[in-house]
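Please work through the following exercises with the sequence and the structure at hand. Each task is followed by a stepwise solution.

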Amino acid sequence: MNHWLTAPILIPLIGGILQAFMGYAPITLRRTLAIATTVLTLVAAIVLLVLADDGSYRVYAFGNWQPPFGIVLVLDRLAALMLVMTAVLALFCHIYAIGGTDENSRQFHGLFLFQLLGLNIAFLTGDLFNLFVAFEVLLIASYGLLMHGEGTSRTVPGLHYVVLNLAGSAVFLISVGMIYSVTGTLNMADLAIKIPQVAEGNLPLVKAGGMMLLVVFGLKAAILPLCFWLPSAYANATAPVAALFAVMTKVGIYAIIRVYTLMFGNQAGELAGLGMDWLFPLALITLSMGVIGALGAESLRKLVAWQVIISVGTLLAAISFGTVAGTSAALFYLLNTTWVVGGLFLVADLVDGQRGSAGDKIVTAPRIANRTFLSVLFLMGAVAAVGLPPLSGFFAKLLILKSAVTESDVAWLWSVLLIGSFFTLIAYSRAGSIVFWRNVDGHIEERQKLTPSLSVSASALISLSIVIVVLAGPISRYAEDTAAQLHDTSAYTQILSVPMVGEEK
Amino acid sequence: MELAFAVVIGVLTASGVYLMLRARTFPVVVGLTMLSYGVNLFLFSSGRLATGGQPIIGSAETYSDPLPQALVLTAIVIGFAMTAFVVVLSLRSLADSDDDHVNGRIPEQDNARQEQEDAK
């Protein structure tokens with residue numbers, strides 16, 4: 001039992017509740033408290049990362065109920081990595097938000113912190129039904145955040161997003177029910193033990209349940225047939241929200257990694273590698289679809305939103321190998337893509353603010369102010385996202401390419417990923433050269449002021465790409481350890497025998 | 001009882017899915033509600049159907065599994081909140097776009113408008 005595990009959940013929960021009651025407090029007070037909460041969450045996440053790096057599993061059992069009977073929080077390297085990644089992204093998005101996005105709604109900070117709460121529960125929980133609850137918490141906060149802002153452009157994409165996710169929740173519940181009806185447990189560690197022992201006649205039920213879970217996680221992660229809601233929803237959201245949502249698809253990917261390596265991994269007998277043969281082709285088609293979307297994007301935000309789908313395809317292709325090398329390469333890429341895409345959303349918004357009525361559309365417009373600063377940020381973001389040297393995207397994609405083993409995998413992955421990257425490069429160069437270089441005569445009246453909170457947060461997120469390159473050694477070491485820990489599922493199931501408070505001797 | 005239960009779940013889910021595929025927001029919301037009813041019943045049945053069983057060991061000869069009941073309760077609460085939200089959202093969509101089509105506008109009208117503009 002380690003009480004630190006509750007910190008990333010309790011801090012945003014308490015901060016969010018405070019914000020809910022402070023709607024009429026002065027905005028500076030609300031901002032200070034909100035930022036303090038996010039900083040504390042980041043501190044807690046870093047503490048957990050240091051704790052988790054010894055490679056052991058830490059368990060917090062709610063109400064001191066011995067698992068599998070109670071709900072448990074489980075901290076391992078993967079959970080800690082996701083927590084830190086989310087907290088870093090959230091902090092910079094939050095700093096960007098206090099630059100003016102939070103002004104027209106009293107509950108923005110509350111929703112933002114509840115979103116963090118839901119994300120952190122999803123990463124820490126060791127129970128399948130609790131994962132469902134975490135998804136609902138983060139979704140209901142995301143519905144509010146997505147609708148945040150002036151104007152009516154968000155209503156219809158928001159409605160689509162909500163209805164799709166409600167249908168997804170229904171499918172999640174059906175699959176949870178199917179798995180429970182056969183195994184009699186929803187604790188992930190217990191499921192990892194019970195699934196190989198399922199009787200022959202009940203296997204189809206578990207298999208159907210497992211595949212339906214893949215559909216749900218695929219909807220969250222925006223895999224191809226389920227990805228068309230994403231571009232319009234993300235492109236219409238306000239910038240800090242869209243940037244924070246860069247981590248939302250990664251929750252689906254986290255759930256796929258967690259559930260399919262633990263419950264349907266190599267030791268799962270008949271059900272080993274369930275769904276993974278579907279995942280590889282789907283991932284490659286998703287990647288190609290993202291590239292096509294990026295080439296056809298009419299605005300910078302749409303372009304970045306399609307980049308989210310490209311990165312989902314790239315990540316899942318590496319994960320679907322089910323090997324330590326594939327997973328560790330995916331985790332390295334995950335850090336890079338989440339932060340850079342978040343940063344690119346912020347940069348697109350900054351460009352939008354400088355171009356008057358042209359907005360972030362990829363059309364010629366009068367020369368923008370602060371062109372050097374913004375174009376350098378965009379260039380760095382694009383280089384990191386496409387995967388050109390010297391920024392982190394290059395090393396991440398190199399690791400992913402190297403993780404393919406069999407000949408057909410190599411042929412498919414290398415050709416799709418490399419050709420896809422080339423066309424993404426064309427999409428970014430086209431967008432960048434039209435927006436920054438091809439200017440027409442004219443003068444833009446109203447310009448958004450580049451306040452420190454806006455420019456610092458956007459440039460910080462983009463330059464995290466440099467940080468990843470500088471710290472590439474420790475980060476890839478951590479990613480490899482994480483992947484090794486994930487694929488050794490026998491250690492995870494040890495949490496069932498962890499002593500409760502009062503039993504320790 | 002099993003047959004009746006299964007038929008009810010099947011009918012609820014089928015009507016829910018059918019209504020969700022409609023083009024107006026109101027049928028979609030009703031469809032989502034019916035789907036969640038069907039799902040709740042399904043979740044309840046994952047603890048096996050039994051009569052006279054209590055979820056406390058020793059209080060009756062047969063006891064029923066309390067966990068699906070707890071899961072259903074959670075799912076009902078969450079589903080209720082989500083339905084309330086989606087009702088408000090579809091009302092806002094109706095107010096914002098003066099139409100209750102799920103895309104905010106009817107595609108044919110869009111085409112007609114486009115043709116008019118082209119004719120000019």
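The exercises below treat the chain interface, a strand pair, a loop residue and several salt bridges.

This is a predicted model, in which local features need pLDDT of at least 70 and side-chain atom pairs count only at pLDDT 80 or more, while totals for chains, interfaces and linings use all residues. Residues are numbered from 1 along each chain as its sequence is written, chains are lettered from A and ligands numbered from 1 in the order in which they are written, and side-chain values use heavy atoms, with hydrogens and water left out.

**Exercise 1.** Characterise the interface of chain A and chain B.

Step 1. The contact (heavy atoms within 4.5 Å) involves 27 residues from chain A and 28 residues from chain B.

Step 2. The buried area, that is, the accessible area (1.4 Å probe) that two parts lose on being put together, summed over both, is about 2500 Å², and carbon and sulfur atoms give 81% of this area.

Step 3. Between the two chains there are 0 salt bridges (a side-chain nitrogen of Lys or Arg within 4 Å of a carboxyl oxygen of Asp or Glu).

**Exercise 2.** Locate A:Arg58 and describe its surroundings.

Step 1. In strand β1 (residues 58–61) of chain A, A:Arg58 and A:Tyr60 point one way, A:Val59 and A:Ala61 the other way, and all are buried (under 20% relative accessible area, 1.4 Å probe, protein chains only). Strands are DSSP runs (E, at least two residues) and helices likewise (H or I, at least four), numbered from the N terminus.

Step 2. Strand β1(A) runs antiparallel to strand β2 (residues 72–75) of chain A, with 4 bridges joining them; pairing requires at least two DSSP bridges. Opposite A:Arg58 stands A:Leu75.

Step 3. A:Arg58 has a relative accessible area of 17%, and its side chain meets that of A:Asp54 in a salt bridge (2.9 Å, N to O).

**Exercise 3.** Is A:Thr125 buried or exposed, and which residues does A:Thr125 touch?

Step 1. A:Thr125 is found in the loop between α4 (108–124) and α5 of chain A.

Step 2. With a relative accessible area of 1%, A:Thr125 is buried.

Step 3. Not counting residues up to four places away in sequence, A:Thr125 touches A:Val72, A:Leu73, A:Asn130, A:Leu131 and A:Met188.

**Exercise 4.** Examine the salt bridge of A:Arg301 and A:Asp352.

Step 1. The closest N and O atoms are 3.1 Å apart.

Step 2. A:Arg301 lies in helix α13 (residues 300–319) of chain A and A:Asp352 in helix α14 (residues 324–354) of chain A, so the pair links distant parts of the chain, 51 residues apart.

Step 3. Both A:Arg301 and A:Asp352 are buried.

Notes: Buried means under 20% relative accessible area, exposed over 50%, partly exposed in between (1.4 Å probe, protein chains only).
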